[in-house]
Amino acid sequence: MADLQTYGQDSGLKHTLLRGLLYLVLILFSIYYLFPLFVMITTSLKSLTEIREGSLISLPRVVTFDAWNYAWNEACVGVECSGIKTFFWNSVQMAIPAVLISTILGALNGYALTKFRFKGANIVFAMLLFGCFVPFQVVLLPMSVTLGKLGIANSTMGLVLVHVVYGLCFTTLFFRNYYVSIPDELVKAATIDGAGFFTIFWRIILPISGPIIVVSIIWQFTQIWNDFLFGASFSSGGSAPMTVALNNIVNTTTGVKQYNVDMASALLTGLPTLLVYVLAGKYFVRGLTAGSVKG
Amino acid sequence: MASLTLDKVRKTFGSVEVLKEINLAIEDGEFLVLVGPSGCGKSTLLNLIAGLETSSDGEIRIGDRVINNVHPKDRNIAMVFQSYALYPNMTVRKNITFGLEIRGVSASERDKAVDDVARLLQIENLLDRKPSQLSGGQRQRVAMGRALVRNPDIFLFDEPLSNLDAKLRVDMRTEIKKLHHRLGSTIVYVTHDQIEAMTLASRIAVMKGGILQQFDTPQHIYEKPNNMFVAGFIGSPSMNFIEAKLVDDNGKIAVTFDNNGQKVVLPLLENSPESYKSWVGKDVVFGIRPEGLTHKRTGSDKPGSQYVNFDAKVEVIEPTGADTMTVINLGGKEIVARVRPDRATNPGEMMTFSADMNQISLFDPTTELRI
Ligand SMILES: Nc1ncnc2c1ncn2[C@@H]1O[C@H](COP(=O)(O)OP(=O)(O)OP(=O)(O)O)[C@@H](O)[C@H]1O
Ligand SMILES: [Mg+2]
């Protein structure tokens with residue numbers, strides 16, 4: 001504390017200059033990262049004629065939501081021309097159960113690994129950790145065989161299963177690291193109070209897991225919603241998630257290239273993850289650091 | 001309420017033996033304090049009684065019931081933890097009633113129980129707060145409330161006061177004692193504070209390295225410690241140990257030791273144990289508590305007195321108000337005497353001390369056991 005004060009007094013000018021430089025660098029980086037978004041948004045609000053005539057970075061002369069409407073309701077995905085909306089619902093139906101199931105299972109795993117240290121808990125944890133490093137591509141083939149055997153290939157349920165299995169390593173890791181800092185005595189006290197494994201989990205552990213639940217949900221939602229590889233591999237036609245549909249819209253070779261519709265579709269696809277970050281973002285950072293500081 | 005018996009209880013973690021054959025038995029309504037240095041296995045023993053750990057061997061009984069394989073919730077015990085372990089997401093009221101709720105006690109009965117306990121512990125105004133909104137002392141009370149409300153056979157306390165500041169610790173100590181008198185319940189209490197042990201216990205179990213060193217009433221442990229560890233651990237300032245020799249002094253047995261070149265001879269009392277005889281001519285450790293070593297007492301010159309005088313040079317004095325701790329040097333060891341303030345002298349001066357031969361202990365220097 002004292003150090004900071006003397007620092008402020010002794011070198012006020014230097015301090016201000018450094019601050020200024022810092023902000024300059026930050027602003028430059030912000031522009032660098034936000035520029036593509038700016039281009040996407042402006043392009044999506046222009047008409048096709050304006051795009052052809054105007055420059056890439058100009059603001060739209062006439063703001064029109066036609067492209068958005070077209071992307072949502074009419075754009076052609078493959079041969080089907082009813083917009084991206086059905087695929088949006090596919091993604092919702094895939095992401096929400098997958099996120100919730102993987103989060104709940106991760107919480108249960110973390111709880112069991114830290115508070116009910118069974119024989120071999122460390123080995124189980126090490127293997128789960130190993131799972132975090134398995135690349136997507138490696139599981140493609142075994143997974144498609146499994147889905148086929150289970151009879152849920154090319155279905156949303158199949159995709160949910162894939163994402164739950166793949167995400168479990170990460171969610172377990174999150175929850176396990178969070179729960180090691182929760183004192184064991186809490187569980188002991190509840191055990192003496194007469195609560196069993198699941199009662200303790202529901203009544204005591206889960207209610208104090210808020211920050212890490214948010215972390216898990218954001219992480220999983222981003223992964224699952226943005227996933228393309230699993231979506232493209234394990235779904236077909238009408239059951240494809242939004243990312244796959246977006247790819248099909250943008251890569252459609254027939255007719256004129258509708259940049260405004262492409263941009264609108266891409267923005268629509270990205271919107272849900274953005275929304276999750278805005279709504280829960282402040283808990284995200286808090287949750288990521290929560291495990292490291294006690295008390 | 002019930003008696004508690006531990007019969008040859010052992011506990012191993014892997015290949016490490018943390019508790020070695022512990023035998024303890026207390027009656028209904030007793031206050032047992034487990035005391036010992038850090039890592040000696042006190043918490044482990046308490047966890048065994050609670051059922052949070054399973055013993056590797058031996059039998060634990062509450063009353064006549066063997067509880068080795070009984071689930072913690074069915075042992076009818078309640079435990080207060082060192083960290084209090086209050087449920088952070090619940091209000092104080094919920095914290096206290098959680099155990100009752102799990103056991104299916106009706107809401108109206110729970111309300112009544114929580115009110116009774118809150119009145120007893122004077123936490124009525126805190127019932128709707130969360131644990132994070134409480135001070136250390138208040139949390140401690142809530143933790144006690146959670147145990148009390150269940151009305152268990154046995155209360156288990158694991159260092160419940162060690163997180164409190166010194167003043168509050170003394171206050172709460174008194175309150176726990178009062179509570180025990182009032183409820184007459186059986187209590188097992190873990191601490192590494194020997195003062196807590198002395199003031200609270202009806203019986204003390206001193207442990208070290210997983211071995212029960214002595215199990216007895218506080219007074220007996222204080223006066224007749226089984227070995228040098230117990231002697232040094234209980235009492236503050238701790239007992240002085242002087243390397244000495246037992247000799248035959250004109251037909252009487254006496255302890256003798258070196259006082260900076262001079263020989264001090266302290267004849268033992270007539271009523272000394274027979275066993276001392278066999279130690280004549282051998283080295284012993286002469287143990288005497290600071291209060292057994294005082295300024296020159298009146299009547300100490302008379303023959304047959306329990307007090308024996310000797311002179312020594314004062315090294316340091318530490319006034320505490322009530323007494324002045326006077327440090328002298330015997331055979332390179334610092335020895336503390338408890339002197340009345342008006343009889344204390346300045347460092348560097350010679351002073352006459354009286355040793356109360358009624359308050360001595362002799363130990364075997366190799367086994368460190370009491371002779
Ligand atoms: N789960 C465990 N696995 C292995 N060793 C353990 C385990 N729990 C405790 N121990 C060991 O058992 C010994 C006794 O531990 P315990 O917690 O009972 O000590 P304590 O007397 O309560 O100490 P403190 O006063 O520090 O609380 C210690 O050496 C400790 O390292
Ligand atoms: Mg302990």
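Which residue is the bridge partner of V206(B) in β10(B)? I will answer that in a moment, colleagues, after one caution: what we have before us is a predicted model.

The answer is Q214(B), which is the bridge partner of V206(B) in β10(B). The pairing belongs to a hairpin in chain B. Strand β9, residues 203-208, and strand β10, residues 211-216, run antiparallel and are joined by five bridges. Two residues lie between these strands, and in this hairpin G209(B) adopts a positive phi near 55 degrees.

Let me now place that hairpin in its chain. Chain B has eight helices and 20 strands in its secondary structure. Its C-alpha atoms occupy a box of roughly 80 × 45 × 35 Å along the principal axes. Of the 371 residues in chain B, 49% are buried.

Next, I turn to strand β7 of chain B. This strand covers residues 154-158, and five of its five residues are buried. Which residues cover the two sides of β7(B)? On one side we find I154(B), L156(B) and D158(B), and on the other F155(B) and F157(B); all are buried, and both faces of the strand are covered.

Strand β7(B) also has pairing partners. Strand β6 of chain B, residues 77-80, pairs with β7(B) in the parallel sense over four bridges. Within that pairing, A78(B) has F155(B) as its bridge partner in β7(B). Strand β8 of chain B, residues 186-191, runs parallel to β7(B) as well, and five bridges join the two. Here D158(B) stands opposite V190(B) in β8(B). D158(B) is thus a residue we meet twice: it is buried on one face of β7(B), and it stands opposite a residue of β8(B).

I come now to the ligand. Which residues surround ligand 1? In chain B they are F13(B), V18(B), S38(B), G39(B), C40(B), G41(B), K42(B), S43(B), T44(B), E159(B) and H192(B). By class, this shell has three nonpolar, six polar and two charged residues. Helix α1 of chain B, residues 42-50, supplies the largest share of the shell, with three residues.

For those who will look at the distances, there are several to note. An oxygen atom of ligand 1 is 3.2 Å from a polar backbone atom of C40(B). For G41(B), the distance from a polar backbone atom to a ligand oxygen is 3.0 Å. At T44(B) the partner is an N or O atom of the side chain, and an oxygen atom of ligand 1 is 2.5 Å from it. Taken alone, ligand 1 exposes 640 Å², of which the protein buries 56%.

Let me move to the cysteines. How many disulfides does a search of the whole structure find? The number is zero, over all chains. In chain A, one pair deserves a comment. The sulfur of C132(A) has its closest cysteine sulfur in C169(A), at 4.9 Å, and this is too far for a bond. The cut-off used for a disulfide is 2.5 Å between the sulfur atoms. Seen from C169(A), the closest cysteine sulfur is in C132(A), again at 4.9 Å. Are these two cysteines buried or exposed? C132(A) is buried, at a relative accessible area of 13%, and C169(A) is likewise buried, at 11%.

Finally, I would like to show three loop positions. S209(A) sits in the loop between α10 (197-205) and α11 (210-226) of chain A. With a relative accessible area of 0%, S209(A) is buried. Its side chain makes a polar contact of 2.8 Å with the side chain of Y179(A).

Q258(A) also lies in a loop of chain A, between α13 (242-250) and α14 (259-290). Its relative accessible area is 29%, so Q258(A) counts as partly exposed. Q258(A) and A67(A) are 191 residues apart in sequence, while their C-alpha atoms are 8.6 Å apart in space.

The last position is Q122(B), in the loop between α3 (107-121) and α4 (136-148) of chain B. Q122(B) is exposed because its relative accessibility is 57%, and the cut-off for exposed is over 50%. From C-alpha to C-alpha, Q122(B) and R141(B) are 8.5 Å apart, with 19 residues of separation in sequence.

That concludes my presentation. Thank you for your attention.

Technical notes: Residues are numbered from 1 along each chain as its sequence is written. Chains are lettered from A and ligands numbered from 1 in the order in which they are written. This is a predicted model: local features need pLDDT of at least 70, side-chain atom pairs count only at pLDDT 80 or more; totals for chains, interfaces and linings use all residues. Side-chain values use heavy atoms; hydrogens and water are left out. Buried means under 20% relative accessible area, exposed over 50%, partly exposed in between (1.4 Å probe, protein chains only). A residue is near a molecule or strand if one of its heavy atoms lies within 4 Å of it. A polar contact is a pair of N or O atoms within 3.5 Å; within protein, one must be able to donate a hydrogen and the other to accept it, and residues adjacent in sequence count only if both atoms are side-chain atoms. Accessible areas come from the Shrake-Rupley method with a 1.4 Å probe; for residues, only the protein chains shown count as cover. Ala, Val, Leu, Ile, Met, Phe, Trp, Tyr, Cys and Pro count as nonpolar, Asp, Glu, Lys and Arg as charged, and the others, Gly among them, as polar. Two strands pair if DSSP finds at least two bridges between them.
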